[in-house]
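Student: I've got a structure open and would like to go through it piece by piece. Can we do it as questions and answers?
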Amino acid sequence: MLKHTLLTLVALLFLGYQAIAQDRNVTGRVTGSDGESLAGATVSLKGVTGGTSTDANGGFALRVPAAVTTLRFSYTGYEPLEVAIPESGVMQVVMESSSSTLGEVVISTGSRSVQRTITDSPLPIDILSAKDIVSTGQPSFDKALQYRVPSFNTVNTPVNDATSLLDPYEIRNMGPSRTLVLINGKRKNMSSLAYIQTSPGRGETGVDISAIPSDAIKRVEILRDGASAQYGSDAIAGVMNIILKDKYEYGSVSFNTGVTHKGDGQLFGVSLNNGANFGEKGFINYTISLQRQALANRPGTVDADGEYNDFVFVDPEDPKNYENGVITDDAKQAIIDGNTSGRSLVESFLRDFPDAGNINGQPETAAAKFLVNGGVPVGENTEMYYNAAYVYKKVNSFANYRTPYWRSTDDGLLTPAGAKYVGYVPTFEGDLNDYNGTLGFRSNKNGWVSDVSFTTGGNAQLYTVANTRNRSLGKNSPILFRPGGYKFQHNVGNIDISRKLLDNLSFAVGSEFRREKYTVVAGDTASYSGTGADSFPGARPENSGESTRFNFGGYVDLGWDITSSFLLNGTARVERYSDFGDAFVWKLSSRYKIIDEKLTVRGSVSTGFRAPTLHQINLQIAQASFVPGQGIQTKGIFNNRSAQAFVLGVPRLKPEESTNITLGVGMSPTKNTNVSIDYYNIKVKNRIILGSEIFPTGDPNNQLDQVMAANGIVAISFFTNGINTATSGLDLVFNQRNIQLGTGKLGVNLAGNYQLENKLDGPVIVPQLIKEAGATIFDATQEALLLTSRPQYKAILGFDYALGKLGLSLNNTLFGPTRFRQAGLNGNLETVFLPKVVTDLGISLQLSEKVSLGVNLQNLLNVMPEWEFRALNADGEAILKDAAAVKRNFNAITFNGRYSNVTYDGSHFSQLGMTGAANLTVRF
């Protein structure tokens, strides 16, 4: 028995040795069909996990188990390739089919019939690879786009309450509501939050693209053209289609960290991407991402004069101080005593707390993101596909500090017994849950391509306010409140069918059914009763509840290749909404290639629409906001279905209508050079806005004053189809690759967006009653937020250099001027943020076959937003010569200096300054 056991062990050891001995080193070089080296191509083992990527010269080396006989090769813009390992172990791999440019990547955005390449498309489309996104070192997907796409803009808002869960973003300065976001070609659900602060994006909502883990993305296709005819509502400015990683090639885990130059805003994150393949076509690919980012605080120094005037000063002109037109002796003494002691209190507090305890900049955030994408063959001609994502995000931020001269007491609720009362700072916590999922079947049989799918998605935000009180409840007030929140959900069904009727004629038809539900979640009683929670009053029950709607739409699409160079494409769409009726839109596009197909002329004309969101139709809530000269006051938003809106003559909302024209030229003079320039013109009719705040006239008999007094509101605003706008501009893209520089290769990329105009197109539509009261729904503040609060131009000049295992990138982003007319600013002035260049340096190093390190220095030169007052006329010039007047205006737009870096309404790029980030990736 022992003899047999020993023989068995010896045999096993011999076989194991033989297996190890048979493992072999495989080396090689990967090139394109033009002979150019492909740096960064993925090399993976077929049948087992493991692999590597090519160096700057296209070379690779890896240890291959004896059981593996084939390697897989993939690279963006090239067809995946499987190659048997030769006995020599030395491989020369040539990747074919697609050219050496992204222009030949098959895109799924912009056409409902035949999929085309960028070169063949009649529409301007940007493609960003996973490497483009990750190499920015930015902590989230939306911030990565800010430094990769010139027409895309977003920035952290200075007021960190609910808005900090999702910063507003937009393409071509058209607002977040006018860009449609797709996941693998299917509509992504909107956020449940409507922006109501005075920041860019006010009155709108968008998709939470920051919730999408960057490591799950294969590429991003951005269509810079109206596409309502193809996709329905919201696609006025363009479409962003996020393509997820699919076929499994290798697993990886990434560790991320970062910190600002001031030592705050520390970032820690870990991300896992893994999966498996089933047979020849089945796959599953999943990503798990965990991240935490600490608070970064950038408060300004608070001005004592401004604080004194806003919160303490007793006005001797107040009528209550007079009897028979003469000021009383008691009033005189009270004014002297009150102003003297008040001034002393302000100065004493600011000596101890120069920033008045204010906290603003970047709030503390934590996020957990889970995403899966998969496909399984069902029969010979059909595939079942699916994807699902869940995101949990938590934000901890702060309201403006309640100083002891602003809030004279906390009723002993927030200050420990025996301690000196120094005010209090309310905290704001936001909990976000976002999910989406799609299940579909795609088949190709007898030339008919069909795609049937169901998509669901939702977004919920619930809030907690603490370390504050309800002043109207006195000592009986709690110090923690649940002010409610918002929820949005949609279910979408799609049927898409396409076929090539002839070799040069393609046809597609499809339909979509969508049901939406929007919910306002009521707060607890203490959060809304009386004056409500100090800083963030809760949603009242009468303003809460659910609202739903459905829509059904269909389209037909024809593409005619008149010749191999000349394409015509047409699409028409009809939609029926349950709450406002019908919409009909169409689109015509064309492309013509000349000079051996090195020059492409393209253009399109289309109509579009955007349905008012359920948020805009139903939102009704009181909100605490800063009023220049008065501090924080309660203001009301009344929806268009309310009795108040009816009394004021505010009409029901209807869809926006748009007309888009795009003309462009694309050139590929050499295999390594691409140039394109596109002109766009977008006109929007009946554009929906959240109107300016309307204040009482002072006449108690005025109907406007009566409505506001009856509801205890100091200001009122509402959503309305108030304006028409015209927007036009130019997009430029230039790429030059494979420039031999020493022993490495240099790539140069220049992309820019220049806004020719973004203006009102006709008079503002004001309800008659409000017009008669001498008020307007679209003042200078709202006009600036909508039309000039994003850069007039933006350009990105990037250099990428690959040398062996070392990669260097240098990107320079030029942010053009932005203009604001903040509330409280003198009407003869405007605030202009000056053009600035932000430089980012990236270094990547392949430490070993499976380990790589990336280091990013964002805003390398620590450039900060800088603004100044500009005079609009001679009166403005006089104000700028008066130091006291300049100071008053400064205090009005910065809350007496609290937001001195970026003002209360925001800026054109982040105020955090230089930030360092590092990424360590391990493949397995």
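Tutor: Sure, let's begin with an open sheet of four strands, which pair in the antiparallel sense in the order β3-β2-β5-β6. Keep in mind that this is a predicted model, where local features need pLDDT of at least 70, side-chain atom pairs count only at pLDDT 80 or more, and totals for chains, interfaces and linings use all residues. Residues are numbered from 1 along each chain as its sequence is written, and side-chain values use heavy atoms, with hydrogens and water left out.

Student: Which are the edge strands of this sheet?
Tutor: Strands here are DSSP runs of E with at least two residues, helices are runs of H or I with at least four, and both are numbered from the N terminus. Two strands pair if DSSP finds at least two bridges between them. An edge strand pairs on one side only, and that fits β3 (51–53) and β6 (81–84).

Student: What does the twist average from one strand to the next?
Tutor: For angles, axes are lines fitted to C-alpha atoms (for helices over the stretch in contact), and the angle between N-to-C directions runs from 0 to 180 degrees. From one strand to the next, the twist averages 20°.

Student: Which residue in β5 stands opposite serine 44?
Tutor: Strand β2 (residues 42–45) and strand β5 (residues 70–74) run antiparallel and are joined by four bridges. Opposite serine 44, in β5, stands arginine 72.

Student: Is valine 94 buried, partly exposed or exposed?
Tutor: Valine 94 belongs to strand β7 (residues 90–95). Buried means under 20% relative accessible area, exposed means over 50%, and partly exposed is in between, using a 1.4 Å probe and protein chains only. Valine 94 has a relative accessible area of 34%, so the word for this residue is partly exposed.

Student: Which residues does valine 94 touch?
Tutor: Valine 94 and glycine 35 are 59 residues apart in sequence, yet 7.9 Å apart in space, C-alpha to C-alpha. Contact means heavy atoms within 4.5 Å. Not counting residues up to four places away in sequence, valine 94 touches Thr31, Gly32, Ser33 and Leu81.

Student: What is the relative accessible area of arginine 172?
Tutor: Arginine 172 is in the loop between β12 (169–171) and β13 (179–183). Its phi is near 55°, a positive value in a residue other than glycine. Arginine 172 is buried, with a relative accessible area of 1%.

Student: And where does asparagine 896 lie?
Tutor: Asparagine 896 isn't a glycine, but has a positive phi of about 60°. Asparagine 896 is buried too, at a relative accessible area of 2%. You'll find this residue in the loop between α14 and β48.

Student: Which strands does helix α14 touch?
Tutor: There's an open sheet of three strands with antiparallel pairing, in the order β43-β44-β47. Its edge strands are β43 (818–820) and β47 (867–871), and neighbouring strands are turned by 35° against each other on average, direction ignored. Helix α14 (residues 883–894) packs on this sheet, in a direction about 125° from that of β47, and touches β44 and β47.

Student: Which residue in β44 stands opposite phenylalanine 820?
Tutor: β43 and strand β44 (residues 829–833) pair over three bridges in the antiparallel sense. Opposite phenylalanine 820 stands threonine 831.

Student: How many residues are there between β45 and β46 in their hairpin?
Tutor: β45 runs antiparallel to strand β46 (residues 851–858), with six bridges joining them. One bridge pairs glycine 842 with asparagine 856 in β46. The number of residues between the two strands of the hairpin is four.

Student: What about empty space: what volume does the largest cavity have?
Tutor: On a 1 Å grid over the protein atoms alone, a cavity is a set of points where a 1.4 Å probe fits but cannot get out, and lining residues have an atom within 4 Å of a point. Points are joined across faces, edges and corners, and the volume is the space filled by probe spheres set on them. This gives 13 cavities of 30 Å³ or more. The largest cavity has a volume of about 720 Å³.

Student: Which element gives the largest share of its lining?
Tutor: The largest cavity is lined by 41 residues, with Pro139, Lys143, Asn156, Gln293 and Gln362 nearest its centre. Elements that give two or more residues to this lining include α3 (141–146), β45 (836–846) and β48 (915–923). The largest share is four residues, and that comes from β24.

Conventions:
On a 1 Å grid over the protein atoms alone, a cavity is a set of points where a 1.4 Å probe fits but cannot get out, and a pocket is an open set with protein on both sides within 12 Å along at least five of seven lines; lining residues have an atom within 4 Å of a point.
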